[in-house]
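Have the model open and ready to rotate? Let's walk through it together, starting with a term we'll lean on along the way.

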Amino acid sequence: MTDQLKKYLFEDRSVRVQAVRLTDTWKAVRANHEYPPAITHLLGELVAASTLLAANIKFDGSLVLQIQGDGPIALLVVECRSDLSLRATVKMREGHDVPVDGNMQSLLNPGGNGRFIVVLDPQRKAPGQQAYQGIVPLEGDTVAEALQHYMKASEQLDTQLWLAADDEHAAGLLIQRLPVHGGEQAPLLSEQAAAETWERAGTLAATLKRDELLQVEIDTLIHRLYWEETLVAFDPLPVSWHCPCTRERVANMLRSLGEAEVQDIVAEHGQVDVTCDFCGKPYRFDAVDCAALFTPATPAADSESPTVH
Ligand SMILES: [Zn+2]
């Protein structure tokens with residue numbers, strides 16, 4: 001059984017409902033990282049959120065959710081591609097104790113400098129096109145509240161989220177209010193009727209308990225919440241863990257550090273060792289590899305070819 005994300009629409013097409021419950025994907029994320037439970041749970045909530053948002057991006061590329069903190073956690077980051085393959089990692093700040101009852105504010109925002117960042121990065125960019133990046137202060141007590149704050153601040157569709165994670169599962173429910181005019185969105189639906197549907201969708205979703213979200217299979221969960229409503233169900237989308245790191249990407253990262261910096265490391269250590277933050281895969285660049293990085297005559301692909309030792 002693979003992990004799945006399921007999408008539904010209210011019959012009047014004014015509200016979208018999405019649910020995800022990850023088991024294997026979440027296990028794969030955790031296999032590469034060992035963190036205290038409070039941190040694992042925050043990461044799991046961000047992982048679930050990333051799939052719910054990535055399921056609606058209209059281009060081939062990736063959605064990155066980042067929380068930058070000024071406390072024990074320096075960075076939580078999840079990258080989810082439009083095919084719903086994802087990877088995630090945490091950067092801790094040295095010398096900070098992690099309180100057992102730590103929450104998002106105490107772990108990431110004790111100094112009030114926490115930031116919630118969303119990056120939309122199309123794989124094929126037009127010349128000069130940059131990835132889109134939105135940044136807002138970290139507000140709210142939970143990942144869901146921080147994300148809702150972001151959606152509101154960036155004037156996106158009205159969205160409500162419920163997120164939860166434990167050692168076994170990372171799960172989430174999203175409801176989103178769709179525009180009622182134009183396109184295929186039920187042009188005859190009145191604003192009044194659409195507002196009532198949105199109200200009902202939210203009231204019913206708010207009865208959801210954390211344990212239900214974690215334990216109950218998606219179809220059962222949606223039926224429990226919305227059994228009095230008629231929902232249109234779409235084909236489930238598979239979700240998986242995948243780290244797209246390659247030697248070439250690491251080479252590009254080293255190029256962006258600059259030749260002087262890289263040569264300093266070579267002078268000190270005899271080589272450059274880089275470990276992927278997401279999957280732990282090691283990459284080694286010896287002195288010859290490093291010199292080749294900054295030699296214009298040798299194209300980037302050279303770092304894939306064998307080198308003489
Ligand atoms: Zn990797």
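When two residues are said to be in contact here, they have heavy atoms within 4.5 Å of each other. Keep in mind that this is a predicted model.

With that in hand, try A74, which sits in strand 4. Skip its neighbours within four places in sequence, and A74 is in contact with I67, Q68, G69, K91, M92 and R93. For a sense of scale, pick V216 as well: A74 and V216 are 142 residues apart in sequence, and their C-alpha atoms are 33 Å apart in space.

Now zoom out. The protein has 10 helices and 13 strands, and its C-alpha atoms fill a box of roughly 70 × 45 × 40 Å along the principal axes. Of the 309 residues, 47% are buried. If you like contact maps, take the contacts between residues at least 6 apart in sequence: 63% of them join residues at least 24 apart.

Strand 1, residues 3-10, holds a lysine worth clicking on, K6. Is K6 buried or exposed? Its relative accessible area is 11%, and the cut-off for buried is under 20%, so K6 counts as buried. What does the side chain of K6 make a polar contact with? The partner is the side chain of D219, at 2.8 Å. Beyond its neighbours within four places in sequence, K6 is in contact with V17, Q18, A19, E217, I218, D219 and P236.

Next, the domains. The domain assignment gives domain 1 as 3-241 and domain 2 as 247-304. Their C-alpha centres lie 35 Å apart, and 9 residues of domain 1 are in contact with 5 residues of domain 2. The size of an interface is often given as the accessible area lost when the parts come together. For domain 1 and domain 2, that comes to about 600 Å² buried between them, with 53% of it on carbon and sulfur atoms. Which three residues supply the most on the domain 1 side? They are N32, R87 and T89, which supply 52% of the area that domain 1 buries against domain 2.

On the polar side, there are 2 residue pairs in polar contact between domain 1 and domain 2, counting pairs with both residues at pLDDT 80 or more. The rule also finds 1 salt bridge across the interface. D277 forms a salt bridge with K91, and the closest N and O atoms there are 3.0 Å apart. As for secondary structure, strand 4 (73-81) and strand 5 (85-92) are the elements that give two or more residues to the side of domain 1 that touches domain 2. Strand 5 gives the most, with 4 residues.

Finally, move over to helix 8, residues 247-257, and colour its buried residues: R247, E248, V250, A251 and L254. Why do they end up on the same side of helix 8? They cover an arc of only 160° around the axis, and that puts them there. The general background is that an α-helix has 3.6 residues a turn, so residues three or four places apart point the same way. What do the buried residues of helix 8 pack against? Their packing partners are helix 9 (259-269), strand 12 (271-275), strand 13 (282-286) and helix 10 (287-293). Step just past the end of helix 8 and you reach G258, with a positive phi of about 100°.

Terms used:
Residues numbered from 1 in each chain as written. Heavy atoms only, no water. Buried < 20%, exposed > 50% of the residue type's maximum accessible area, 1.4 Å probe, protein only. Arc of directions from axis to C-beta. Domains from an automatic or database assignment. Buried area = accessible area lost by both parts, 1.4 Å probe. Salt bridge = Lys/Arg side-chain N within 4 Å of Asp/Glu carboxyl O. Polar contact = N/O pair within 3.5 Å; in protein donor to acceptor, adjacent residues only side chain to side chain.
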